[in-house]
Amino acid sequence: MPRRSATLRAVTTLFLERQHLARPRASALTAGRLRRFAEDVGGIQLDSINVLERAHYLTIWSRFGPYDRAWLDRQIYRRRLLFEYWAHAACLVPASDFPWWRRAMLDYRSRHTGWSGWLRRNGKMLKTVREAVQANGPMGNGDFEGRRPAGRGGWWSWRPVQHALHHLWMTGALAIHSRQHFQKRYDLLERALPDALGVEPVSSVEFQRWHIERSLRAMGAATELDVARYLTFPRFRPGARRAALRQMLERGEITEIELEGAPGRWLALTSDLPALARAGRAGTPSHGTTLISPFDSLMWHRARVARLFGFDYRIEVYTPGPKRVHGYYTLPILHHGYLIGRVDAKSHRADRRLEVRHVHFEPWFAAAGSPPSGTGRLDQDEAIAGVAGALRSLATFVGGDDVDLRRVTPRRLRPALVRSLRSHREQSPV
């Protein structure tokens with residue numbers, strides 16, 4: 001039987017729709033929209049870097065524009081609409097997915113984690129930490145005595161209590177109750193999530209199938225490698241994901257598709273084939289302009305981003321300064337479904353100023369050429385106006401009264417961006 005066929009543009013359009021980027025910053029944030037967003041993408045990544053704003057705050061701003069962070073924190077840590085767990089690195093995941101993540105917690109108790117030797121030697125530490133949290137209520141790492149062992153820095157130089165807290169969290173004995181200055185505070189799972197222990201976990205086989213379905217739904221269509229690189233936790237044993245995929249194909253839950261101009265086997269949920277067909281008929285992949293966090297779920301598998309958007313991106317915060325190409329904390333620019341450049345920005349909170357260190361437009365865009373992943377040309381003036389609007393919105397969100405624009409590449413596009421920024425400032429309400 002011949003495979004279904006689809007276009008790269010259709011896959012990109014559906015991907016943006018599932019990532020809630022079909023009309024970025026067009027709708028205000030509500031509890032219902034937050035829940036649906038988290039359910040559709042599978043997880044909202046957390047990261048401690050705060051040069052601009054925390055990653056999860058930025059990811060939500062990209063979709064909904066400025067909002068009250070305190071309101072969001074209440075939805076997470078009081079209403080428990082979301083909870084923290086390891087999905088693609090540390091993430092906020094929807095409470096509605098708890099039965100599946102509960103299975104991951106239980107399975108983690110018997111998995112080889114790479115530090116099982118430490119667990120064997122520190123069973124008493126685990127018991128002591130758990131009993132302290134049980135007796136005292138929410139506790140953070142700083143509430144425990146003890147020093148970091150001598151030696152090299154990094155994750156493996158954590159104090160024993162940090163290892164214990166992490167293991168108890170991953171296995172579901174503890175949950176993250178709240179954060180203070182972004183530092184985690186842990187409590188017993190049953191106290192932080194009162195209904196948790198009454199939830200029946202799914203089986204390991206059901207979890208594997210759900211894990212694939214969750215990733216495929218978030219992407220619309222994907223290669224097998226895309227599926228493996230989307231929700232990267234847990235690490236399945238060799239062959240387990242492939243076996244689950246084969247079963248889902250045999251049951252008709254997944255359909256193989258061919259992408260025009262893209263080699264290899266692509267996969268889609270059979271239930272998503274009508275949505276993929278509609279996406280192929282859409283006029284533009286999306287409408288509007290926004291900036292994307294380096295840790296956004298859209299960017300989780302950067303090889304996929306390169307295939308779909310023709311956009312080469314890496315997170316340069318981990319690159320030594322002299323070797324950086326675009327800047328320390330660069331945010332891809334999404335305009336009408338195309339990645340047209342990137343912005344290196346920093347928030348100066350005391351001065352209430354957003355410093356835009358560098359705006360770098362992609363060469364094809366700067367030359368008013370066709371996108372590498374599409375046909376036709378974008379209206380350059382409209383796109384630059386969209387970038388200015390996104391920068392003004394970001395400044396408002398991070399508490400900046402003004403945008404301090406430094407470098408623009410190519411330099412000949414700087415005057416147009418300056419004019420657009422000025423225009424947006426004049427139009428903003430006082």
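Here are a few exercises, with worked solutions, on a model that is predicted.

**Exercise 1. Work out the strand order of the open four-stranded sheet, and find which strands stand at its edges.**

Solution. Start with the order: the open sheet runs β1-β9-β10-β8, and its pairing is mixed. Now look at the two ends. β1 (4-6) and β8 (222-223) each have a single partner strand, so one side of each has no neighbour in the sheet. Those two are your edge strands.

Next, zoom in on one edge. β8 pairs with β10 (residues 262-269) in the antiparallel sense, over two bridges. In that pairing, T223 sits opposite W266 of β10. As background, strands of a sheet pair through backbone hydrogen bonds, either parallel or antiparallel.

**Exercise 2. Find how α12 and α13 are placed against this sheet.**

Solution. Take α12 to begin with: it lies across β9 and β10, and it runs at about 95 degrees to β9. Then move on to helix α13 (residues 273-280), which packs on the sheet and touches β1, β9 and β10. The direction of α13 makes about 25 degrees with that of β9.

**Exercise 3. Decide whether R251 is buried or exposed, and say where it is.**

Solution. First, place it: R251 is in the loop between α12 (240-250) and β9 (254-259). Then check its relative accessibility, which is 54%. Exposed means over 50%, so R251 counts as exposed. One more distance to try on screen: R251 and L269 are 18 residues apart in sequence, and their C-alpha atoms are 11 Å apart in space.

**Exercise 4. Describe how helices α5 and α10 pack, and which residues make the contact.**

Solution. Begin with the geometry. Helix α5 (residues 98-108) and helix α10 (residues 204-219) pack at an angle of about 120 degrees, and their axes are 10 Å apart. Roughly perpendicular covers 65 to 115 degrees, and roughly antiparallel starts over 145. The pair is therefore oblique. As for handedness, α5 passes α10 in a left-handed crossing.

Now list who touches whom. From α5 come W100, W101, R103, A104 and D107, while α10 brings S204, E206, F207, W210 and H211. Sort that contact by class and you get five nonpolar, two polar and three charged residues.

**Exercise 5. Find out how many residues of helix α8 are buried, and what comes just after it.**

Solution. Count along α8 (residues 160-170): ten of its eleven residues are buried, so the helix is largely enclosed by the rest of the structure. Among them are the histidines H163, H166 and H167, along with W169 and M170. Just past the end of α8, G172 has a positive phi of about 85 degrees.

**Exercise 6. Track down two residues other than glycine with a positive phi, and compare their surroundings.**

Solution. Go to F182, whose phi is about 70 degrees. F182 is in the loop between β6 (174-180) and β7 (183-188), and at 16% relative accessibility it counts as buried. Then try A368, with a phi near 55 degrees. A368 is in the loop between α15 (363-366) and α16 (380-397), and it is partly exposed at 37%.

**Exercise 7. Locate the cis peptide bonds that lead into P234 and P410.**

Solution. A cis bond joins F233 and P234, with omega about 0 degrees; P234 is in the loop between α11 (224-230) and α12. Another joins T409 and P410, again with omega about 0 degrees. P410 is in the loop between β15 (402-409) and α17 (414-427).

Notes: Residues are numbered from 1 along each chain as its sequence is written. This is a predicted model: local features need pLDDT of at least 70, side-chain atom pairs count only at pLDDT 80 or more; totals for chains, interfaces and linings use all residues. Side-chain values use heavy atoms; hydrogens and water are left out. Buried means under 20% relative accessible area, exposed over 50%, partly exposed in between (1.4 Å probe, protein chains only). Two strands pair if DSSP finds at least two bridges between them. Contact means heavy atoms within 4.5 Å. Axes are lines fitted to C-alpha atoms, for helices over the stretch in contact, and angles run from 0 to 180 degrees between N-to-C directions. Angles under 35 degrees count as roughly parallel, over 145 as roughly antiparallel, 65 to 115 as roughly perpendicular and the rest as oblique. A crossing is left-handed if the near helix is turned anticlockwise from the far one by less than a right angle, and right-handed if clockwise. Ala, Val, Leu, Ile, Met, Phe, Trp, Tyr, Cys and Pro count as nonpolar, Asp, Glu, Lys and Arg as charged, and the others, Gly among them, as polar.
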